[in-house]
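Colleague: Before I plan anything around this model, I would like to hear the reasoning behind the terms you use for it. Could you show it to me and take my questions in turn?

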2 protein chains.
Amino acid sequence: MSGLIRRVVIVGGTHGNELTGIYLIKKFQQFPQLLHRQSFECVTLLANPKAIAANRRYIDRDLNRCFANEDLANPALTGYEDRRAKEIAAQLGPKSQPNADVIIDLHSTTANMGLTILPSSKYPVNLRLAAYLSALNPLVRVCCGVQCNQDAPMLRSLSPLGCTIEVGAIAQGVLNADYLQQTERLIHNILDYLDAMNQGEFLPVPPSLNVYQVISSVDYPRNASGELQAVIHPHLQFKDYEPLSDGEPMFLKFTGEAIPYRGEATVYPIFINEAAYYEKKIAMTLTSKQQLRLEAV
Amino acid sequence: MSGLIRRVVIVGGTHGNELTGIYLIKKFQQFPQLLHRQSFECVTLLANPKAIAANRRYIDRDLNRCFANEDLANPALTGYEDRRAKEIAAQLGPKSQPNADVIIDLHSTTANMGLTILPSSKYPVNLRLAAYLSALNPLVRVCCGVQCNQDAPMLRSLSPLGCTIEVGAIAQGVLNADYLQQTERLIHNILDYLDAMNQGEFLPVPPSLNVYQVISSVDYPRNASGELQAVIHPHLQFKDYEPLSDGEPMFLKFTGEAIPYRGEATVYPIFINEAAYYEKKIAMTLTSKQQLRLEAV
């Protein structure tokens, strides 16, 4: 990746009940000078207006899974979010030659994930940005999905650079002042880094970066008809990013019996007890902790 | 109040996205012997099946505001929850001569209210039960609404005895193992108390009871078009039941300015930042702390 950043897009309300991003975008729309930087244009987008109005994650299906290339090209997909994804892709994409050089997509989670960055790609410039942010604020963690590239079906994949920001634990439909402020600060840090880079100045970045790499997801124990048989074990609740080793409790059955994690490798679960993932059959996502060395500029 | 308790009804899913009660009821339906007591019948009810299936608080309107006598008698009210309220009132009511002697209605809240009991009435037997529970577990708090009687529009008002149980902070659509266990224990304590009382044994109750008496509710600061202009101040977030005095911060404007509480009396806010109350225009409910002396048996 090289070349100048000309256009940065900050997105909120991809999920209509994640209020942190929605209210930050409303604030930026009221005070656009907050986003003003010398070397690029920065614009905002509320991605799912109908879901925002309904205070629901989505109307027909999860908008943040509608951006696979084959879905964007499929005229048979006509649900509200499918149509909305095509409109947004026309505005910010296409993936091969995007109108947005950087996309920052603002989310919240009921899991205790603090300030998490999910980079859109592992391009060196994107990883250096992540390393800059986590060096600046040790509470920032960096997590790479299985598809940490533009093949992913997330909105952020329209552009090669940028990230999703996940903050939590925040209940759906709730505003948390602390996380609003921390998320806004993180956005300003990103814009400042990009603005300096555009002008040939590279803000200090550590030589390596800790990354939580997604391995797989684990569903809740269920019976034959799909009903939950257990919940997250109290010892694991709110323990996102903490190590989980063979034999340690993972679930608690309604009958009172603990179900342990079984696996040779120590893992670092995230998205533990995310409300929106019950229907996706995800109780938590397991990651491994890796250290990436960063290429020099 | 005198006379024997013959029928206790435990209700869950009055709000379809408050999973604690829903899953406890499912557990009790699978293991009915858990609710078996010698001196009365104990049955369960999932109050809002359509909202439970949709994982939403309600379909047409809040079921837990549909039980005013005039609404129950109004044939023009035909929304899903209005019809459901009439069915439930036919089953457990009428208020004047209920089929249920005691109703326990299980709720959760995104506010940090721990284990809160909202008694259906201030009848001595009901207050003694509340005092018993809070003496047994100091984490149990007792809160009386403005209408702490059968005139209230809540489901619990179908019967003169019993309470709503509110547990939190729990996000909507999420199960929390700790709160599931604590709520189940509270239900067992209630049933044990009633069972002993039915058999002429009065379990030990302290001579007085701390009650948080609802005074009024406070809305978020909004602009002329109703849009939020501020959020709960970080110093107040999760501080339910803690004293709030004149001049202490209450809200934080999006522009960064704090808005203090103004009032001569120290108050004890509850339901701080409850997700479902944004649309009800309630940012928090102010209470006063009172000590009630209990009548001897």
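Colleague: What makes chain A and chain B related as by a two-fold rotation axis?

Modeller: In this predicted model, a turn of 180° with a shift of 0.0 Å along the axis lays chain A on chain B, and the RMSD is then 0.0 Å. The two copies are therefore related as by a two-fold rotation axis. In chain A, the C-alpha nearest that axis belongs to A:Ala171, at 2.2 Å from it.

Colleague: How do you know that the same surface serves both copies?

Modeller: Of the contact residues of chain A, 100% recur in chain B.

Colleague: What makes the length of helix α1 of chain A close to the expected one?

Modeller: The helix, residues 19-30, has twelve residues and reaches 16 Å from its first C-alpha to its last, and 16 Å is also what is expected at 1.5 Å a residue.

Colleague: Why are residues such as A:Leu19 and A:Tyr23 called buried?

Modeller: A residue is called buried because 20 or more other C-beta atoms lie within 10 Å of its own, and in α1(A) this holds for A:Leu19, A:Thr20, A:Gly21, A:Ile22, A:Tyr23, A:Leu24 and A:Ile25. The buried residues of this helix pack against several elements of chain A, including β1 (7-12), β3 (102-108) and α6 (177-198).

Colleague: Which residues have the most contacts inside the largest nonpolar core?

Modeller: They are A:Ile104 and B:Ile104, in a core of 184 residues, to which helix α6 (residues 177-198) of chain B gives the largest share, nine residues. Leaving aside neighbours within four places in sequence, A:Ile104 is in contact with residues including A:Ile10, A:Val11, A:Cys163 and A:Ile187.

Definitions and conventions. Residues numbered from 1 in each chain as written. Chains lettered and ligands numbered in written order. Predicted model: local features only at pLDDT ≥ 70, side-chain atom pairs only at ≥ 80, totals over all residues. Least-squares fit on C-alpha atoms with pLDDT ≥ 70 in both. Contact = placed C-beta atoms within 7 Å. Helix = DSSP H or I, 4+ residues; strand = E, 2+ residues; numbered from the N terminus. Expected span 1.5 Å × (residues − 1). Buried ≥ 20, exposed ≤ 12 C-beta atoms within 10 Å, placed from the backbone. Core = buried A, V, L, I, M, F, W, Y, C linked by C-beta atoms within 7 Å.
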